[in-house]
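Q: I have a model open and want to learn how to read it. Where do I start?

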Amino acid sequence: MDEVLEKLSRCVEFGKIDKTSPYPPNMKDQDGADELAKFALDNGVKPDEILDLALIPAMEIVGDKYSRKEIYVPQMLMAARAMTSAMKHLKPFFQSGETKRKGKFIIGTVSGDLHDIGKNLVAMMIEGGGWEVIDLGVNVSTEKFLKAIEENPGAFVGLSALLTTTMENMKKTVSAIKEEHSEARILVGGAPVTKEYCEKIGADFYSPDPQGAVNYLKQLVL
């Protein structure tokens, strides 16, 4: 089974979704992440082993490559889609409570902002890191974030803003969350956001790329 998990990991790293997907060309007509995850489960590999030994290591490699600018958004999206195609076979085990996740992560793009590619990448990377992700989508009001935190006590929160004009809404949301849930850990990101701005508005962590967020969460929950 080690060989199957290794193949699955490579499929995720290089974005091979399933047997019919033409990308990458050098893996044409081979089984993809979809088939290999199902095969591993059908042959007795535990869901958490698939996650810990194949999916998480693959997404870490992808995140590191992206941080070093060895790959770009399109390749990262393909890897995330391959990871998602494997995760769909594991989700029933997580939902039933048979297999535990590391924790919950609420994410959304702040009010007034409709950008979602960066948010989606972070959500996929964090899910690939073994977390349950609650994606609130785009143009998310402060009230919606607060409601999600109330419904998911102890969840970490990620806010995205891609416009300088919506950074003010990020500030308001961080302030409201900290007022009602002072213990909440808030991660912020997006093109105009900086480490200095993160500190100024009272958020807990800023990362310029998705892997930084994954690494931060990993330090908090060993």
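**Reading burial, folds and loops**

A: Start with one residue: at 12% relative accessibility, Ser-9 counts as buried. Keep in mind that this is a predicted model.

Q: Which cut-off makes Ser-9 buried?

A: Buried means under 20% relative accessible area. Ser-9, at 12%, counts as buried because of that cut-off. The residue lies in helix H1.

Q: Which residues is Ser-9 in contact with, leaving aside its neighbours within four places in sequence?

A: Ser-9 is in contact with Ala-54 and Ala-58.

Q: Which other residues in H1 are buried?

A: Take the general idea before the case. An α-helix has 3.6 residues a turn, so residues three or four places apart point the same way. Now the case. Along with Ser-9, the buried residues of H1 are Val-4, Leu-5, Leu-8, Cys-11, Val-12 and Glu-13.

Q: What do the buried residues of H1 pack against?

A: Three helices. They are H2 (33-42), H3 (47-67) and H4 (73-95).

Q: How do I check the length of H1 against what is expected?

A: Compare its reach with the rise of 1.5 Å a residue. H1 covers residues 2-14, 13 residues in total. From first C-alpha to last, H1 reaches 18 Å, close to the 18 Å expected. Just after the helix, Gly-15 takes a positive phi of about 80°.

Q: Now zoom out. How many helices and strands does the protein chain have?

A: Nine helices and five strands. Read their order from the N terminus on: α-α-α-α-β-α-β-α-β-α-β-α-β-α.

Q: What does the radius of gyration tell me about the protein chain?

A: Set it beside the value for a compact globule. With 222 residues, such a globule would have a radius near 17 Å. The protein chain has 18 Å, which agrees. For its extents, the C-alpha trace spans about 50 × 35 × 25 Å along the principal axes.

Q: How much of the protein chain is buried, and what is on the surface?

A: Of the 222 residues, 50% count as buried. The exposed area is about 10,900 Å², and carbon and sulfur atoms supply 52% of it. For charge, count 27 positive and 33 negative side chains. The centres of the two sets lie 2 Å apart.

Q: How do I read contacts against sequence distance?

A: Take contacts between residues at least 6 apart in sequence. In the protein chain, 67% of these join residues at least 24 apart. For a single pair, look at Tyr-216 and Ile-126. They are 90 residues apart in sequence and 11 Å apart in space, C-alpha to C-alpha.

Q: Is Tyr-216 buried or exposed?

A: Buried, with a relative accessible area of 9%. Tyr-216 lies in helix H9 (residues 210-220). Not counting residues up to four places away in sequence, Tyr-216 touches Arg-185, Leu-187, Asp-204 and Phe-205.

Q: What should I look for in the loop between H1 and H2?

A: Check omega and phi. Pro-24 has its place in this loop. A cis peptide bond joins Tyr-23 and Pro-24, with omega about -10°. Asp-29 lies in the loop too. Its phi is near 65°, a positive value in a residue other than glycine.

Q: Where does Lys-69 lie, and what is its phi?

A: Lys-69 lies in the loop between H3 and H4. Phi of Lys-69 is near 60°, again positive in a residue other than glycine.

Q: Are Asp-29 and Lys-69 buried or exposed?

A: Exposed means over 50% relative accessible area. Asp-29 is exposed at 55%. Lys-69 is exposed at 59%.

Terms used. Residues are numbered from 1 along each chain as its sequence is written. This is a predicted model: local features need pLDDT of at least 70, side-chain atom pairs count only at pLDDT 80 or more; totals for chains, interfaces and linings use all residues. Side-chain values use heavy atoms; hydrogens and water are left out. Helices (H or I, at least four residues) and strands (E, at least two) are DSSP runs, numbered from the N terminus. The radius of gyration is taken over C-alpha atoms; the globule rule is 2.2 Å times the number of residues to the power 0.38. Buried means under 20% relative accessible area, exposed over 50%, partly exposed in between (1.4 Å probe, protein chains only). Contact means heavy atoms within 4.5 Å. Accessible areas come from the Shrake-Rupley method with a 1.4 Å probe; for residues, only the protein chains shown count as cover. Lys and Arg count as positive and Asp and Glu as negative; His and the chain ends are not counted. The place of a charge is taken as NZ of Lys, CZ of Arg, CG of Asp or CD of Glu. The expected span of a helix is 1.5 Å times one less than its number of residues.
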